[in-house]
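Hello,

Here is the structure I promised to pass on to you. Have a look at it first, and then read on for my notes.

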Amino acid sequence: MKKTITLLLFCLVAAWAQAQNNVRSEVELVTDSGVIRLALYNETPKHRDNFLKMVQSGAYNGVLFHRVIKDFMVQTGDLASKTATQGQLLGDTPESYSIPAEICFPKLYHKRGALAAAREGDDVNPERASSSTQFYIVWGQKFTDKQLEWAQSRIEKYTDGKVKLTPELCEVYKTIGGTPHLDGSYTVFGEVLEGLDVVEKIQRTTTDSHDRPVNDIRIIKATVIK
């Protein structure tokens, strides 16, 4: 009888731990283009915890979407953008630390709505460590089989042939869309739960020659809601 009770307690504790692990933190970005709700992945704990810290500190309140590319992604998080003048170049503000890469491909990938960390290029950042502040949200496009072949060749070039798109991922990229050519090279650490229409609206905005929106688009307030 005692063994049965002990086993039952063990199972209950294990089930509780699993349930806790499945609970994802959520963040709300109130922008002047609408509201975006994000879920953060537990599989990337360093990025999750850093993002929550940044949000809770108020760091993202007032930052601009400083790099926007149609049919690709929208990028924000340069803290200097809060006070940037019209046309000022952004994206290279020094940061005091970086986040070690947590690339969990193929489980986490660049589907439409994926939340990922920006970073310096491989030439100065071969470890692919992430920016501590800047992030992007994927819009991308729907890919044809031929375009996926191109994406695979690009992936192989930048990952020494170690990363392969699976049939399941290819189907997502053909039907939902995304940016598969970034897989294996950048840390994906969350996804959009609500507000993809806002991301679509932002990525369609008119930009200058440096991909900065001509009319500022700003995160008014970021809040941890779960």
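Below is what I found, starting with the open and enclosed spaces and then turning to three residues. Please keep in mind that this is a predicted model.

**The pocket and the cavity**

The largest pocket has a volume of about 900 Å³, and 37 residues line it. If you want to find its centre, Arg67, Gln75, Ala118, Arg119 and Glu120 are the lining residues that lie nearest to that point. Two or more lining residues come from each of β3 (65–69), β4 (73–76), β7 (130–131) and α3 (145–159).

As for enclosed space, searching the whole structure turns up 1 cavity of 30 Å³ or more. The largest cavity has a volume of about 70 Å³. Helix α2 (residues 45–56) supplies the largest share of its lining, with 3 residues. The lining of this cavity also takes in residues from elsewhere in the sequence, including Tyr60, Ile99, Ala117, Phe135 and Phe189.

**Asp183**

This residue sits in the loop between α4 (167–175) and β9 (188–194). Asp183 is buried, yet has no salt bridge. The nearest side chain of opposite charge belongs to Arg154, and that is 11 Å away. What the side chain of Asp183 does have is a polar contact with the side chain of Tyr173, at 2.7 Å. Beyond its neighbours within four places in sequence, Asp183 is in contact with Tyr173 and also with Phe105, Tyr109, His110, Ile155, Thr159, Val163 and Leu165.

**Gln152**

Gln152 belongs to helix α3. It counts as buried because its relative accessibility is 14%, and the cut-off for buried is under 20%. Its side chain reaches the backbone nitrogen of Leu165 at 2.8 Å. Setting aside neighbours within four places in sequence, the contacts of Gln152 are Val163, Lys164 and Leu165. Val163 and Leu165 appear among the contacts of Asp183 as well.

**Leu90**

Leu90 lies in the loop between β4 and β5 (98–99). With a relative accessibility of 18%, Leu90 also counts as buried. Apart from neighbours within four places in sequence, Leu90 is in contact with Leu64, His66, Asp78, Ala80, Ser81, Ala84 and Arg212. For a sense of distance, Leu90 and Val124 are 34 residues apart in sequence, and their C-alpha atoms are 19 Å apart in space.

Enjoy exploring the model, and best wishes!

Notes: Residues numbered from 1 in each chain as written. Predicted model: local features only at pLDDT ≥ 70, side-chain atom pairs only at ≥ 80, totals over all residues. Heavy atoms only, no water. Helix = DSSP H or I, 4+ residues; strand = E, 2+ residues; numbered from the N terminus. Buried < 20%, exposed > 50% of the residue type's maximum accessible area, 1.4 Å probe, protein only. Lys, Arg positive; Asp, Glu negative; His and termini not counted. Salt bridge = Lys/Arg side-chain N within 4 Å of Asp/Glu carboxyl O. Polar contact = N/O pair within 3.5 Å; in protein donor to acceptor, adjacent residues only side chain to side chain. Contact = heavy atoms within 4.5 Å. 1 Å grid on protein atoms, 1.4 Å probe; cavity = no way out; pocket = protein on both sides within 12 Å on 5 of 7 lines; lining within 4 Å. Points joined across faces, edges and corners; volume = space filled by probe spheres on them.
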